[in-house]
Amino acid sequence: MTMYVSRACDSCRRRKVKCDAAKPCANCHISQIPCDYSHQARRRGPRVSKRAPAVDPQLTRQLPQDGAALRPASNGARAGSLESSSQRGPSVSRMPESDSTLNTDVLIDPGTLVSHQLGYGPIHARLVASVTSVLASTISPPTTATFDVAQHCINLFLQYMFPNTPIAHERTLRDSASLFQHSGSPETALFDHTLKRAKSFTLITALCAFIASVMPDNLLPSGKLLSTPFLQASKAMLRLYEEHDLEHPDSTSITIRIWHSGALQNSTGRPGAAWHRHSEASLLALRLRLYDEEAVVRDSAVESRLLRANFWLLYLADQSAACLENRASIVNEHLFQGAFTLLENKDGDPSLLEESDTTHGLEERIVLGFHLKVRIWAAAAKVITEIKAQVRNNPGPRARIGSEVSNIAELNLRFTTLIHELPPWLRLGDIDTAMDTYQSTCLWTLRSNIITTYHCLRLVILQKCVETDMLQVLGLTKQPLSWALRRLEIVQDFLGELQVVPFLCYKVQGEAGVERIRRVGAILLELVESAESNIVKDRARLQFATLLDFLAKLDSKASDELKTQV
């Protein structure tokens with residue numbers, strides 16, 4: 001049992017950290033500073049009791065079992081379900097973004113996180129109270145409601161998000177969710193917790209925040225209400241060990257920040273804070289030199305696999321930034337201190353998914369499709385980067401001929417031919433063949449991301465060629481009708497993909513998917529305003545109206561900007 005003392009040493013009192021009253025105390029011993037007890041403590045007033053947020057009995061919903069078939073949790077893990085109700089209460093208990101009562105000073109020794117009285121326990125307790133408030137009446141005891149939600153979020157992640165972001169280990173996630181599976185009140189928990197447990201809590205709450213921020217109500221009722229308390233709990237727990245985490249990062253350090261970034265962007269529609277958190281993950285990847293195959297080798301094969309997967313996702317995101325020019329590039333090969341030797345896959349890598357009849361062969365297909373998407377982004381980034389370099393080195397209007405155009409045209413050819421590498425199980429007419437509903441849903445989600453990305457990038461490259469007077473790269477003339485018709489053709493391909501893919505498989509892509517639609521819409525608007533042909537203008541207006549209809553169904557936080565430009 002942990003003992004709390006009424007008197008602290010002079011150093012701990014000045015720093016306002018918990019003191020164990022030893023001579024010397026643990027804090028002073030680790031910091032190697034004098035430990036004195038000369039200060040005379042003043043008498044304290046009566047302690048004020050604090051109650052956990054009240055549960056609102058009006059807020060009742062049910063985690064659905066219908067829709068696309070969710071794979072049951074493996075090894076006996078409970079999927080969890082909640083009773084339904086047609087009413088939603090007006091009051092939801094939420095954890096404050098900044099709480100003056102939360103002491104985030106921590107003492108870390110090898111392998112142990114010692115959190116203070118207002119540390120791990122209250123964070124856990126407040127989260128459970130908030131989730132219980134949103135989902136007040138459950139068929140299981142209130143103390144397991146958070147566990148049920150966490151399990152359901154894991155199931156949703158594996159089916160809808162893992163195909164495009166295969167960066168997590170299923171067994172690790174389910175073990176982390178078990179932190180919420182207990183019979184006692186979280187407020188009575190001891191306050192000495194291993195660093196591993198703190199990381200597990202931060203990881204699973206980050207996942208739940210990310211999933212809840214993007215899933216529609218038919219898959220996760222009250223998801224938008226659940227996202228905020230999960231995100232705040234995850235951020236609060238990370239602060240307890242953040243300095244240690246920055247000094248000794250691992251795969252969870254990167255994954256947590258990626259999911260925080262996704263949750264922030266999906267919840268607010270504003271990229272600033274989200275990109276900042278994503279940049280933290282990218283900087284950690286550079287520090288760890290994860291672009292070097294030798295640098296990802298760890299004693300744990302699972303950890304090595306997760307480090308490799310996280311880097312490839314960060315690299316993909318950085319290539320996206322280079323193409324869309326919407327933020328600074330960090331995971332850039334010019335910044336690598338050594339050769340880029342990281343493998344896409346390594347023989348003998350452990351599986352990230354639990355093996356079952358439903359998932360048999362699925363992970364291999366997902367990984368192949370994911371790396372095709374990485375190559376598509378990287379190839380497009382090379383085209384755009386080379387165009388910008390040529391313009392920078394040869395400013396001023398002139399006919400761009402010779403080797404500079406030939407080189408860019410070759411890079412563009414490599415980009416456009418990548419789509420022919422689309423594997424058979426991601427082609428129209430083949431996805432549902434000889435597959436169950438679970439696998440086909442996963443692959444539809446992956447296909448829609450790959451194909452809409454490809455067509456969006458074709459349009460972005462065309463736009464860059466128009467702006468820089470390099471239409472020869474695409475085999476087009478300077479006649480406006482030439483590139484206007486090519487724009488309409490690409491947009492039609494983009495719209496065609498949106499219409500053939502099950503809507504839910506695009507809905508779950510969140511603000512990243514919305515950004516592709518917004519980029520296509522912005523280019524269409526420019527065509528409406530600048531086209532000389534009325535036929536082209538009318539066609540562009542019709543395509544833009546179709547885009548807006550689709551955007552409205554997505555209910556995006558960032559979609560209003562495009563709608564107001566009509």
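This passage describes the packing of two helices and a set of salt bridges in a predicted model.

Two packed helices are described by the angle between their axes and the distance between the axes. For helix α7, which spans residues 223-247, and helix α8, which spans residues 251-268, the angle is about 145° and the axes lie 11 Å apart. The crossing of α7 and α8 is left-handed. On the α7 side, the contact is made by Ser227, Leu231, Ser234, Lys235, Leu238, Tyr241, Glu242, Asp245 and Leu246, while α8 contributes Ser253, Ile256, Arg257, His260, Ala263, Leu264 and Ser267. By character, the residues of this contact comprise seven that are nonpolar, five that are polar and four that are charged.

Two of the residues in the contact between α7 and α8, Asp245 and Arg257, also meet through their side chains in a salt bridge, with an N to O distance of 2.9 Å. This pair links distant parts of the chain, Arg257 being located in helix α8 and Asp245 in helix α7, 12 residues apart. Both partners, Arg257 and Asp245, are buried. The pair is also part of a network of salt bridges in which Glu242, Asp245, Arg257, Arg277 and Glu280 are linked; Glu242, like Asp245, is among the residues that α7 brings to its contact with α8.

In total, the structure holds 25 salt bridges, and two further examples involve helix α14. In one of them, the side chains of Glu489 and Arg458 meet with an N to O distance of 3.9 Å. Because Glu489 lies in helix α14 (residues 480-500) and Arg458 in helix α13 (residues 437-467), the pair ties together parts that are 31 residues apart in sequence. Glu489 has a relative accessibility of 41% and therefore counts as partly exposed, whereas Arg458, at 17% relative accessibility, counts as buried, the cut-off for burial being under 20%.

In the other example, the side chains of Glu526 and Arg487 form a salt bridge with an N to O distance of 3.8 Å. Here too the pair links distant parts of the chain, with Glu526 in helix α16 (residues 510-530) and Arg487 in helix α14, 39 residues apart. The relative accessibility of Glu526 is 35%, so this residue counts as partly exposed; that of Arg487 is 2%, and Arg487 therefore counts as buried.

Methods
Residues numbered from 1 in each chain as written. Predicted model: local features only at pLDDT ≥ 70, side-chain atom pairs only at ≥ 80, totals over all residues. Heavy atoms only, no water. Axes fitted to C-alpha atoms, helices over the stretch in contact; angles between N-to-C directions. Helix = DSSP H or I, 4+ residues; strand = E, 2+ residues; numbered from the N terminus. Left-handed = near helix turned anticlockwise from the far one by under 90°. Contact = heavy atoms within 4.5 Å. Nonpolar A, V, L, I, M, F, W, Y, C, P; charged D, E, K, R; others polar. Salt bridge = Lys/Arg side-chain N within 4 Å of Asp/Glu carboxyl O. Buried < 20%, exposed > 50% of the residue type's maximum accessible area, 1.4 Å probe, protein only.
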